[in-house]
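Let's take a friendly walk through one helix, one core and one loop residue. Have the structure open as you read.

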Amino acid sequence: MRTTSFHSFPCHSISQRNVSALTPNTLAFKHREKRTTLIRATMEATQNDENALSQPQPQPQTLSKNAQKKLLKQQRYEAKKAEKKAQEKRQKKEDAERKRKEWEETLASVTEEERAKLIESRRSLRKERMEKRSEEKEKKMERLNKAMQCGHKIVVDLDFAHLMTPSEIQSLVQQIMYCYAVNGRCASPCHLWLTGCEGEMGSQLKRLPGFDNWIIEKENRPYIEALLEQKENLVYLTADAETVLEELDLKKIYIVGGLVDRNRWKGITMKKAKEQGIQTAKLPIGNYLKMSSSQVLTVNQVMEILLKFIETKDWKVSFFQVIPQRKRPEADPEGCQVEGEENEGKDDQLDSKKKCVEVPSQRKRPEADPEGCQEVEGEENEGKDDQLDRKKKCIEVPSHG
């Protein structure tokens with residue numbers, strides 16, 4: 001069999017054949033083909049645009065009237081909160097500027113010797129404050145380290161980040177910061193856990209100043225994995241539970257749901273606890289006060305209530321010192337008052353009350369008492385003189401108590 005090597009053909013013969021093949025007719029044909037392809041593509045794109053315009057566009061989901069009211073109320077609250085924060089910042093800046101000017105005026109109005117004494121006194125006071133702050137910090141670290149060994153265990157479940165908006169995540173991060181602050185100030189702090197510290201939640205937490213130095217337990221895993229060996233001691237605190245929490249057990253691990261959802265995910269913590277097969281309980285709020293809305297509290301409010309109960313062993317005191325007034329407009333059945341709201345300086349004031357007694361009505365209406373208040377209920381039946389109707393006579397008397 002005869003074979004021909006490629007190298008046996010000269011290179012200039014191939015280029016000559018390619019050049020000879022590109023005749024004027026061939027070039028014109030290729031040009032027309034390219035132009036036809038371009039026109040066809042343009043027509044297809046135009047047709048696609050027309051089809052897209054002719055198709056009905058999806059309408060944005062409209063909110064119900066109740067949802068719109070809630071959204072408007074939340075927006076007003078956020079705007080008012082931002083305005084208040086900005087006002088406090090301006091006031092703080094103005095106060096600092098005023099104090100600086102007063103200090104400069106004081107130094108300018110005294111002699112050189114007195115000025116040196118004032119400056120030295122100010123330095124000594126600042127040094128004393130710094131030493132006191134350092135001492136308090138050391139005591140705080142001692143309390144927190146001791147709590148990690150023998151304190152009540154409270155877990156904040158941060159495994160709901162995928163259900164929250166960025167602003168809600170930021171709000172939860174602020175609540176966690178408040179939890180750590182109040183736990184550090186408490187005389188008997190608890191052993192605080194943060195579980196599910198990953199993703200966006202973990203990124204936001206790491207932005208907090210000094211978060212890496214917090215004396216708490218930080219877990220990227222969910223609590224059900226991190227505390228699997230102690231599953232029988234897990235107790236999820238949820239307002240939907242039937243069991244009422246009466247005491248705090250050192251052996252139990254109490255879980256608080258870290259969720260800011262504006263009531264979008266109702267019952268989700270109870271559902272999660274049931275699916276995982278762990279115990280549930282709710283705070284005994286209904287035994288001591290009537291909430292104006294639901295019994296759902298923020299994470300830091302639940303934390304403060306638990307810490308206050310550890311300190312006082314009194315649920316009523318804990319609720320009334322932590323839950324804000326706007327959430328408890330009505331007093332509890334026993335008439336518990338919040339500290340600071342009693343007015344002890346007005347013991348001599350007599351409040352007028354109405355004391356109602358039943359008396360038999362007479363045939364003729366008695367004359368009005370100039371010093372009393374008489375109220376007659378119903379209408380007299382003048383055609384039945386022999387019938388005695390029982391009516392209420394209200395007399396205003398001063399209270400004694």
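## Helix α10

Helix α10 spans residues 315-322 and is mostly covered, with six of its eight residues buried. Here helices are DSSP runs of H or I with at least four residues, strands are E runs of at least two, and both are numbered from the N terminus. Buried means under 20% relative accessible area, exposed over 50%, and partly exposed in between (1.4 Å probe, protein chains only).

Trp-315, Lys-316, Ser-318, Phe-319, Phe-320 and Val-322 are the buried residues of α10, and they pack against α9 (299-312). At the N-terminal end of α10, Asp-314 acts as a cap: one of its side-chain oxygens lies 3.0 Å from the backbone nitrogen of Lys-316.

## How to read the model

This is a predicted model, where local features need pLDDT of at least 70, side-chain atom pairs count only at pLDDT 80 or more, and totals for chains, interfaces and linings use all residues. Residues are numbered from 1 along each chain as its sequence is written, and side-chain values use heavy atoms, leaving out hydrogens and water.

## The largest nonpolar core

The largest nonpolar core (buried Ala, Val, Leu, Ile, Met, Phe, Trp, Tyr and Cys residues joined through side-chain atoms within 4.5 Å) has 65 residues, and Leu-158, Met-201, Leu-205, Tyr-223 and Leu-283 touch the most other members. Helix α9 gives the most to this core, with eight residues.

## Thr-238

Thr-238 sits in the loop between β4 (234-237) and β5 (253-257). Thr-238 counts as buried because its relative accessibility is 6%. Not counting residues up to four places away in sequence, Thr-238 touches Thr-269, Met-270, Thr-280, Ala-281 and Lys-282, where contact means heavy atoms within 4.5 Å.

Terms used
Polar contact = N/O pair within 3.5 Å; in protein donor to acceptor, adjacent residues only side chain to side chain.
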